[in-house]
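Work through the exercises below with the sequence and the 3D structure at hand. Each task is followed by a solution in steps.

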Amino acid sequence: MSTSTVLSEVRANVCIITLNRPDKLNSFTEALHRDLRAALDAAEANKAIRAVILTGAGRGFCAGQDLLDAASASTPSAAPQDRLGLYYNPLVRRLAAFPVPVIAAVNGVAAGAGANIALACDVVVAAKSAKFLQAFAKIGLMPDAGGTWTLPRLVGPARARALAMLAEPVDAATAEQWGMIYKAVDDAELMPAAMAIASKFAQSSTPAMLEIRAALAQSETNTLDQQLELERTGQGRLIGGADNLEGVAAFLEKRAAKFCGRT
Ligand code: T3D
């Protein structure tokens, strides 16, 4: 499926979704939000898809809210608080609970909500020329799209405060060093690296990936006791499932496992 502001293609059980407003660094208009939602709907409906890559066309990943679109919007539903409620918050929640792993392949600048949407993905790989910018303070705003939640957890409170309040860019290598992202790679290696990770996900046990994601997310607030109990119940859902049986059989037969992506 492809629309003007979002492109979508399926390659070997991986859906590559490309934000496609390169002239405006793929900043979000309402149309882009709608197109992205449709692309995610299509990826979710296609049960052959076992991983999603989110990336941007041209030299940017995403510059957050299109400030011209925001300024020209006149309907009440386009008020800032409603844009968050209507578009950004559902998008971040959706990425955090998407039924297959999502990889952000950050090809260039990721600013404002664009940075925080990348950071909401399961694994973030960035081109070395990319940078992450909590641009909000520059326009008299606070971070949104989950930034105030995600950033301190990734980089710690001191760096989160400075990044949010000073709105200074962080290059991809520093972002990797600080634990904000998984990896910074040479620009030419970005899509091959993202595809390699996505292919790994496409051949892995999707239910196990989802249990891992949920357990790690809950560990942010759980006590050790709560987490041990969560692991017990999560493992209980996986043990004896099709993928677990296949994984054990493959190990014993000394062959590669062929996971079907079901419990
Ligand atoms: O409003 C609400 O609903 C609340 C929600 C807010 C969510 C948010 O994301 S708020 C934050 C919005 N984003 C920003 O403030 C970032 C603005 N952009 C920049 O600061 C810079 O463009 C970058 C640092 C990202 C990149 O700089 P640079 O020098 O590499 O590129 P550039 O020349 O500034 O941008 C290239 C073009 O993209 C340019 O268009 P032109 O002049 O060639 O026609 C520029 O205007 C356009 N562009 C970049 N970002 C945006 C944008 N146009 C509209 N909105 C943007 N956010």
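## Exercise 1: A bridge between two helices

Task: In this predicted model, find the salt-bridge partner of E211 and state what the pair connects.

Solution.
- Step 1. E211 pairs with R237 in a salt bridge, and their closest N and O atoms are 2.7 Å apart.
- Step 2. E211 belongs to helix 9 (residues 206-219), while R237 belongs to helix 10 (residues 224-238).
- Step 3. The two residues are 26 residues apart in sequence, so the pair ties together separate parts of the chain.

## Exercise 2: A bridge within one helix

Task: Explain how E30 and R34 are placed relative to each other in helix 1, and classify the accessibility of each.

Solution.
- Step 1. A salt bridge joins the side chains of E30 and R34, with an N to O distance of 4.0 Å. The cut-off for a salt bridge is within 4 Å.
- Step 2. Both residues are in helix 1 (residues 30-45); because they are four residues apart, about one helical turn separates them.
- Step 3. E30 has 19% relative accessibility and therefore counts as buried, the limit being under 20%.
- Step 4. R34, at 47% relative accessibility, counts as partly exposed.

## Exercise 3: A network

Task: Which residues are linked with R94 in a network of salt bridges?

Solution.
- Step 1. R94 forms a salt bridge with E44, and the closest N and O atoms are 2.8 Å apart.
- Step 2. This pair links distant parts of the chain, as R94 is in helix 3 and E44 in helix 1, 50 residues apart.
- Step 3. E44 has 30% relative accessibility, so E44 counts as partly exposed.
- Step 4. The network of salt bridges consists of D41, E44 and R94.
- Step 5. For the model, the salt-bridge count comes to twelve.

## Exercise 4: The interface between the domains

Task: Describe the interface of domain 1 and domain 2 by its area, its residues and its polar pairs.

Solution.
- Step 1. Domain 1 spans 6-202 and domain 2 spans 206-252. Over C-alpha atoms, the centres of domain 1 and domain 2 are 27 Å apart.
- Step 2. The contact involves 13 residues of domain 1 and five residues of domain 2.
- Step 3. Interface size is often expressed as the accessible area that is lost when the parts come together. Domain 1 and domain 2 bury about 670 Å² between them, with 47% of this on carbon and sulfur atoms.
- Step 4. Two salt bridges are found across the interface of domain 1 and domain 2, and four residue pairs are in polar contact there.
- Step 5. On the side of domain 1 that touches domain 2, helix 3 (80-96) and helix 5 (147-155) each supply at least two residues. By class, that side has ten nonpolar, three charged and no polar residues.

## Exercise 5: A glutamine in a loop

Task: Where is Q65 found, and is Q65 buried or exposed?

Solution.
- Step 1. Q65 is in the loop between strand 4 (60-62) and helix 2 (67-72).
- Step 2. The relative accessible area of Q65 is 15%, so Q65 is buried.
- Step 3. A polar atom of the Q65 side chain lies 3.3 Å from the backbone oxygen of F28.
- Step 4. Leaving aside residues up to four places away in sequence, Q65 touches S27, F28, A70, R83 and Y88.

Terms used: Residues are numbered from 1 along each chain as its sequence is written. This is a predicted model: local features need pLDDT of at least 70, side-chain atom pairs count only at pLDDT 80 or more; totals for chains, interfaces and linings use all residues. Side-chain values use heavy atoms; hydrogens and water are left out. Domain bounds come from an automatic or database domain assignment. Contact means heavy atoms within 4.5 Å. Buried area is the accessible area (1.4 Å probe) that two parts lose on being put together, summed over both. A polar contact is a pair of N or O atoms within 3.5 Å; within protein, one must be able to donate a hydrogen and the other to accept it, and residues adjacent in sequence count only if both atoms are side-chain atoms. Ala, Val, Leu, Ile, Met, Phe, Trp, Tyr, Cys and Pro count as nonpolar, Asp, Glu, Lys and Arg as charged, and the others, Gly among them, as polar. Buried means under 20% relative accessible area, exposed over 50%, partly exposed in between (1.4 Å probe, protein chains only).
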